[in-house]
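Open the model in a viewer and keep the selection tool at hand. The stops below go from one ligand to the other and end with the whole chain.

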Amino acid sequence: MEKRTIPRHIGIIMDGNGRWAEMRGLPRFEGHKRGVERVKEISEAASGIGVEVLSIYAFSIENWMRPEDEVSVIMGLLESSLKGEFINFMKEGIRFRAIGNRDKLPENIRAIIEGVEQATEKNNKLILQCALSYGGRDEIIRAVRKALDSGLKSEDITEERISGFLDTAGTPDPDLIIRTSGEQRLSNFLLWQSAYSEFYFTNTLWPDFTKEEMLEAIHEYQMRDRRFGKVASHHSSDLSTGVRSVF
Ligand code: IPE
Ligand code: IPE
Ligand code: MG
């Protein structure tokens with residue numbers, strides 16, 4: 001795979017756990033369990049090909065509205081997987097970071113997150129950014145509040161300053177966002193940061209998603225022409241030499 005065009009930052013909306021379980025006549029939590037297990041292979045594969053940041057959408061701020069028993073199963077899985085993966089993060093050089101609204105998380109989860117973030121702070125192979133209790137609009141609201149509290153004046157507001165107040169501060173915007181399970185929407189994921197992301201949608205349910213499919217998504221990404229509002233790259237020389245207009 002060509003190194004030059006490897007996305008620096010990939011976001012994944014890990015959707016379809018419930019349907020995966022229901023299709024098999026299993027309770028939804030079995031799907032969540034299988035879903036959590038997929039994260040290890042995918043993050044190690046991303047790290048292996050030189051991706052710098054992997055953002056995974058694990059629990060949205062809207063997901064708090066799910067039935068209480070499902071929410072507590074997901075919180076339990078988070079707790080056990082964070083504890084269980086810690087050694088592996090150290091071995092693999094993975095820096096863990098949670099993004100999202102921590103005030104809504106139970107105290108024990110918050111404490112584990114903080115512990116794992118601190119312990120993995122110096123790891124530098126891959127940043128695994130886990131969106132937990134996360135909503136893009138909520139993140140922007142909290143960023144605006146932080147900006148006002150810091151005394152920022154209206155004339156000092158720039159895209160860079162706003163980015164710097166977001167939970168994702170310091171990481172590049174996602175180049176590629178993958179969503180599994182066939183849904184084609186953002187569901188409040190990385191709203192500000194995805195302004196120029198490329199999207200890859202697949203019908204595969206998250207518990208069935210493999211590293212091979214991630215490589216396929218990256219391959220498709222590599223064929224895209226990212227114009228960022230400019231004209232296609234093969235036209236730019238025409239313009240500069242004045243040979244012909246692109247219009
Ligand atoms: C994604 O799977 C995981 C979370 C949102 C926590 P879902 O639980 O949304 O699975 P479906 O969409 O119901 O199949
Ligand atoms: C989005 O999935 C959130 C996560 C994958 C964690 P949902 O299943 O909650 O999204 P909607 O409700 O289908 O938009
Ligand atoms: Mg879903």
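A residue counts as near a molecule if one of its heavy atoms lies within 4 Å of it. The model is predicted, and the tour starts at ligand 2.

**Stop 1: the shell of ligand 2.** Select ligand 2 and the residues around it: I13, M14, D15, Y57, A58, F59, N63, R66, R179, R185 and S187. Colour them by class, and the shell shows five nonpolar, two polar and four charged residues. Which element gives the largest share of this shell? Select residues 53–60, strand β2, which contributes three residues.

**Stop 2: polar contacts of ligand 2.** Show the side chains of D15, N63 and S187 and draw distances to the oxygen atoms of the ligand.

- S187: a polar side-chain atom is 2.6 Å from an oxygen atom of ligand 2.
- N63: a polar side-chain atom is 2.9 Å from an oxygen atom of ligand 2.
- D15: a polar side-chain atom is 3.2 Å from an oxygen atom of ligand 2.

On its own, ligand 2 has 390 Å² of accessible area, and the protein covers 77% of that. Switch on a surface for the protein: ligand 2 sits in the largest pocket.

**Stop 3: the shell of ligand 1.** Now select ligand 1 with M14, D15, G16, N17, G18, R19, R28, H32, A58, N63, R66 and I74, the residues around it. M14, D15, A58, N63 and R66 are in this list and also appear around ligand 2, so keep them displayed from the previous stops. By class, the shell of ligand 1 divides into three nonpolar, five polar and four charged residues.

**Stop 4: polar contacts of ligand 1.** Where do backbone atoms come within reach of ligand 1? Show the backbone of G16, where a polar atom is 3.4 Å from an oxygen atom of the ligand. At R19, a polar backbone atom is 2.7 Å from an oxygen atom of ligand 1. Then add the side chain of R66: one of its N or O atoms is 2.7 Å from an oxygen atom of ligand 1. The protein covers 86% of the 380 Å² of accessible area that ligand 1 has on its own.

**Stop 5: the pocket and helices at ligand 1.** The space that ligand 1 takes is the largest pocket. Select α1 (17–23) and α2 (28–48), the elements that give two or more residues to the shell of ligand 1. The largest share, three residues, comes from α1.

**Stop 6: the whole protein.** Zoom out and colour by secondary structure. The protein has eight helices and six strands. Followed from the N terminus, the elements run β-α-α-β-α-β-α-β-α-α-β-β-α-α. The radius of gyration is 20 Å, close to the 18 Å that the globule rule gives for 247 residues, so the protein is as compact as a globular protein of that length. Along the principal axes, the C-alpha atoms fill a box of roughly 65 × 50 × 35 Å.

Terms used
Residues are numbered from 1 along each chain as its sequence is written. Chains are lettered from A and ligands numbered from 1 in the order in which they are written. This is a predicted model: local features need pLDDT of at least 70, side-chain atom pairs count only at pLDDT 80 or more; totals for chains, interfaces and linings use all residues. Side-chain values use heavy atoms; hydrogens and water are left out. A polar contact is a pair of N or O atoms within 3.5 Å; within protein, one must be able to donate a hydrogen and the other to accept it, and residues adjacent in sequence count only if both atoms are side-chain atoms. Accessible areas come from the Shrake-Rupley method with a 1.4 Å probe; for residues, only the protein chains shown count as cover. On a 1 Å grid over the protein atoms alone, a cavity is a set of points where a 1.4 Å probe fits but cannot get out, and a pocket is an open set with protein on both sides within 12 Å along at least five of seven lines; lining residues have an atom within 4 Å of a point. A molecule sits in a cavity or pocket if more than half of its atoms lie within 2 Å of its grid points. Helices (H or I, at least four residues) and strands (E, at least two) are DSSP runs, numbered from the N terminus. Ala, Val, Leu, Ile, Met, Phe, Trp, Tyr, Cys and Pro count as nonpolar, Asp, Glu, Lys and Arg as charged, and the others, Gly among them, as polar. The radius of gyration is taken over C-alpha atoms; the globule rule is 2.2 Å times the number of residues to the power 0.38.
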